[in-house]
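Let's take a stroll through a protein model and see how its charged and buried residues are placed. Have the sequence and the 3D view ready.

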Amino acid sequence: MSHPLTRVLTLLELLQSNARLTGMELADRLDTDVRTVRRYMSHLRDLGIPVEAERGRYGGYRLARGYRMPPLVLTNDEALAVVLGLLAADRLGMGTAAPATAGALAKIERVLPQALREPLAAMRETLSFTANAVIGQAPGTGVLLALAQASRAHTTVAISHQSWRQEHTERDIDPYGVVFHTGRWYVVGHDHLRDSLRTFRIDRITSVTPRAHSFTAPDGFDPVAHLTSTLAQGPYRWRVEVTIHGPLDEIARRLPRSAVTLTAQPTGVLMHARAERLDGIAHMLASMEWPFTIHQPDELRQALKNLGDQLTAAAQRRPEELPQ
């Protein structure tokens, strides 16, 4: 890295990739001295690039906040990370209402050099996934960003919300956190209208307006834990209670958090679940290697017996018994 122009371009890339770097850190990266780094900074300012310097023992250099550098400068690793992130987001159903993923990929590919564009296009066209794609319920970009900002700033917001019954309400909420779960975006927080902790699907929120007052979230509140617990207690036909005689951590890895709640007990792990059909619960319990005891409902016992009969019949069936 002996050519000064190469060092200046590398310096610009370092400033883009890091929030702040000291003169000594930059000198080490560029294999030069601090005085030369200051001269390179002057070159960047002469080109109209706003570099800010912080004086003092712990001072350093950074690009001015909000500055957008044209054209896009990415290393091979950074470009691959961006493309893979966009592809994964699309696969997980994390897109917003606008076709942002396809547009972002097109813009990135358009500005990249040919030597990098072709390998990334090959990655995009040949990449396969073992999991099925999720069909997401896309929220509006402005709504999603406004809720995220309000959650971070602890600012109350007014929302326009439409329920699954098509009932429209205006309400104030204190957004404690934004959660993405199986193709849907949710906001969890205190609902002033109901004076209670509530969960709202963000794709059903049409507008967000910041209020003038702030809030304090409960200490240790976990939006993910609250959401999964709420979904597990949905309005289903059957309430299931089973003790699984095994270790909590291993059982928790095997069962979907959105379908069950688990509580450690002296005799094992108490599982609570809601289900519309008991045959699915029977299959889930039968797939686990630990013994279990059913507390309720008694109908689950018959569902397990039916499953056992099906498995016994399958085990006894011979190939010559298959219909021709």
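## Charges outside, a valine inside

R55 counts as exposed because its relative accessibility is 82%; here buried means under 20% relative accessible area, exposed over 50%, and partly exposed in between (1.4 Å probe, protein chains only). This is a predicted model, where local features need pLDDT of at least 70, side-chain atom pairs count only at pLDDT 80 or more, and totals for chains, interfaces and linings use all residues. Residues are numbered from 1 along each chain as its sequence is written, and side-chain values use heavy atoms, leaving out hydrogens and water.

You'll find R55 in the loop between strand 1 (51–53) and strand 2 (61–63). Strands are DSSP runs of E with at least two residues, while helices are runs of H or I with at least four.

Now for V242, which sits in strand 8 (residues 238–244). V242 counts as buried because its relative accessibility is 0%. Its C-alpha is 4.6 Å from that of I294, though the two are 52 residues apart in sequence.

What about salt bridges? The structure holds 9 of them, each a side-chain nitrogen of Lys or Arg within 4 Å of a carboxyl oxygen of Asp or Glu. Here are some, including their N to O distances:

| Positive partner | Negative partner | N to O distance |
|---|---|---|
| R211 | D172 | 3.3 Å |
| R201 | D203 | 2.9 Å |
| R254 | E289 | 2.6 Å |

R254 belongs to helix 9 (residues 248–254), and E289 to the loop between helix 10 (278–286) and strand 11 (292–296), so this pair links distant parts of the chain, 35 residues apart.
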